[in-house]
Amino acid sequence: MSTPPATHRILGIDFFDGSAKEAIDIMRAKGGLLVVPAAPALKDLDRSPDYRDALLNADLAITDSAFMVLIWNRLQPIPIKRLSGLEYLRDLLLEPDVRQPGNTLWIMASPVSAKRNLDWLAGQGIVIPEDSIYMAPMYGNAPIDDPTLLERLNRLRPQHVIVTIGGGTQERLGLYLKRNLAYRPAIHCIGAAIAFLSGDQVHIPVWADKFYLGWLFRSLAEPKRYVPRYWDARKLLAIMLRNRSRLPELRS
């Protein structure tokens with residue numbers, strides 16, 4: 001019998017406490033949904049029922065939010081390690097089954113970002129067939145329904161699905177796929193992580209990610225976009241102080 005992965009319950013969500021390699025092995029073996037919640041989205045856990053539902057029904061949640069990890073490690077005697085989405089993606093892209101043409105379907109946010117991402121992946125020796133690239137429509141806040149994507153995945157049956165769209169939406173899309181596909185792939189919701197490598201967003205060095213400084217690089221590169229976003233994420237502190245391991249009550 002396999003040993004269940006080590007987790008810490010934070011805000012009602014069981015966060016994985018292990019290495020990227022261990023997380024990848026779990027996803028490969030069992031499939032399902034992996035999420036990478038960031039502080040700007042986590043702060044809405046008590047106000048966004050669909051996002052909340054996606055996190056609670058994920059098969060693996062990794063500790064991408066440096067702010068959440070710092071707060072938690074101040075509150076609890078047993079610390080949790082941070083595993084960023086960027087670190088996870090770096091290791092994921094080294095796996096032969098992920099690099100195999102046709103075995104991974106990529107869901108991209110826009111044609112512009114897709115070109116940058118695909119050019120960078122090609123430079124890493126990862127060639128992606130045209131049928132394995134899907135341009136996500138604007139899903140909005142309504143319940144997600146994308147029969148075109150379902151049809152393609154059910155027809156191609158890739159082992160891996162990598163979702164690179166924005167946080168808060170990608171998790172809802174991942175849960176929609178998990179619940180509606182005719183098979184069970186590994187669905188990796190890694191959001192902007194690919195953009196830090198491809199140049200679609202500011203490059204974040206390994207050392208900066210290790211020392212929890214990704215937010216600073218993004219804020220310096222695009223202050224009007226990211227400074228308000230990260231400033232608003234301060235609300236996560238109050239939510240964690242009130243609830244700690246408990247799921248916050250859902251507000252109307």
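User: Let's start with helix packing. How close do the axes of helix H4 and helix H14 come, and at roughly what angle do they cross?

Analyst: Happy to walk through it. Keep in mind that this is a predicted model. To read a helix pair, take the distance between the axes, then the angle, then the side chains. Here helix H4 (residues 66–75) and helix H14 (residues 235–243) have axes that come within 10 Å and cross at roughly 35 degrees. The crossing is right-handed.

User: Which residues make the contact between H4 and H14?

Analyst: On the H4 side, look for Phe-67, Met-68, Ile-71, Trp-72 and Leu-75; on the H14 side, Leu-236, Leu-237, Met-240 and Leu-241. Sorted by class, the contact of H4 with H14 has 9 nonpolar residues, with no polar and no charged ones.

User: Now the other pair. How are H8 and H9 placed, and what word describes their angle?

Analyst: Follow the same steps. The axes of helix H8 (residues 147–156) and helix H9 (residues 170–180) come within 11 Å, crossing at roughly 55 degrees. An angle between 35 and 65 degrees falls in the oblique range, so H8 is oblique to H9. H8 passes H9 in a right-handed crossing. In the contact, Pro-147, Leu-149, Leu-150 and Leu-153 of H8 meet Leu-173, Tyr-176, Leu-177 and Asn-180 of H9. Those residues divide into 7 nonpolar, 1 polar and no charged.

User: On to charged side chains. How many salt bridges are there, and which one would be a good example to look at?

Analyst: The general idea is to look for a side-chain nitrogen of Lys or Arg within 4 Å of a carboxyl oxygen of Asp or Glu. The count comes to 23 salt bridges. One of them joins the side chains of Asp-17 and Lys-81, at 3.2 Å from N to O. Asp-17 sits in the loop between strand S2 (13–16) and helix H1 (20–30), while Lys-81 sits in the loop between H4 and helix H5 (85–92), so this pair ties together parts that are 64 residues apart in sequence.

User: Is Asp-17 buried or exposed?

Analyst: Relative accessibility settles that, with under 20% counting as buried. Asp-17 has 13% relative accessibility, so it counts as buried.

User: Which residues are linked in a network of salt bridges?

Analyst: The network links Lys-43, Asp-44, Asp-46, Arg-47, Asp-232, Lys-235 and Arg-251. Take its members pair by pair. Asp-44 and Lys-43 form a salt bridge at 3.0 Å, N to O. Lys-43 is buried, with a relative accessible area of 7%, whereas Asp-44 is partly exposed at 22%. Arg-47 forms a salt bridge with Asp-46, where the closest N and O atoms are 3.9 Å apart. Asp-46 counts as buried, at 3% relative accessibility, and Arg-47 as partly exposed, at 42%.

User: What about backbone angles? Which phi does Leu-11 have?

Analyst: For this feature, check the sign of phi and whether the residue is a glycine. Leu-11 has a positive phi of about 55 degrees although it is not a glycine. Leu-11 is found in the loop between strand S1 (7–10) and S2, and it is buried, with a relative accessible area of 1%. Tyr-212 also deserves a look: it has a positive phi of about 65 degrees and is not a glycine. Tyr-212 lies in the loop between helix H11 (206–210) and helix H12 (214–221). Tyr-212 is partly exposed, with a relative accessible area of 24%.

User: Last topic: contacts between distant parts of the chain. What does Ile-133 touch?

Analyst: Here you set aside the neighbours in sequence and see what remains. Beyond four places in sequence, Ile-133 is in contact with Trp-106, Met-108, Leu-118, Ile-128 and Arg-152. Ile-133 and Trp-106 are 27 residues apart in sequence, yet their C-alpha atoms are 5.0 Å apart. Ile-133 belongs to strand S6 (residues 133–135) and is buried, with a relative accessible area of 17%.

User: And where is Gly-191, and what does it touch?

Analyst: Gly-191 is in the loop between strand S8 (186–189) and helix H10 (193–198). Not counting residues up to four places away, Gly-191 touches Val-163, Thr-164, Ile-165 and Gln-170. Gly-191 is buried, with a relative accessible area of 5%.

How values were computed. Residues are numbered from 1 along each chain as its sequence is written. This is a predicted model: local features need pLDDT of at least 70, side-chain atom pairs count only at pLDDT 80 or more; totals for chains, interfaces and linings use all residues. Side-chain values use heavy atoms; hydrogens and water are left out. Axes are lines fitted to C-alpha atoms, for helices over the stretch in contact, and angles run from 0 to 180 degrees between N-to-C directions. Helices (H or I, at least four residues) and strands (E, at least two) are DSSP runs, numbered from the N terminus. Angles under 35 degrees count as roughly parallel, over 145 as roughly antiparallel, 65 to 115 as roughly perpendicular and the rest as oblique. A crossing is left-handed if the near helix is turned anticlockwise from the far one by less than a right angle, and right-handed if clockwise. Contact means heavy atoms within 4.5 Å. Ala, Val, Leu, Ile, Met, Phe, Trp, Tyr, Cys and Pro count as nonpolar, Asp, Glu, Lys and Arg as charged, and the others, Gly among them, as polar. Buried means under 20% relative accessible area, exposed over 50%, partly exposed in between (1.4 Å probe, protein chains only).
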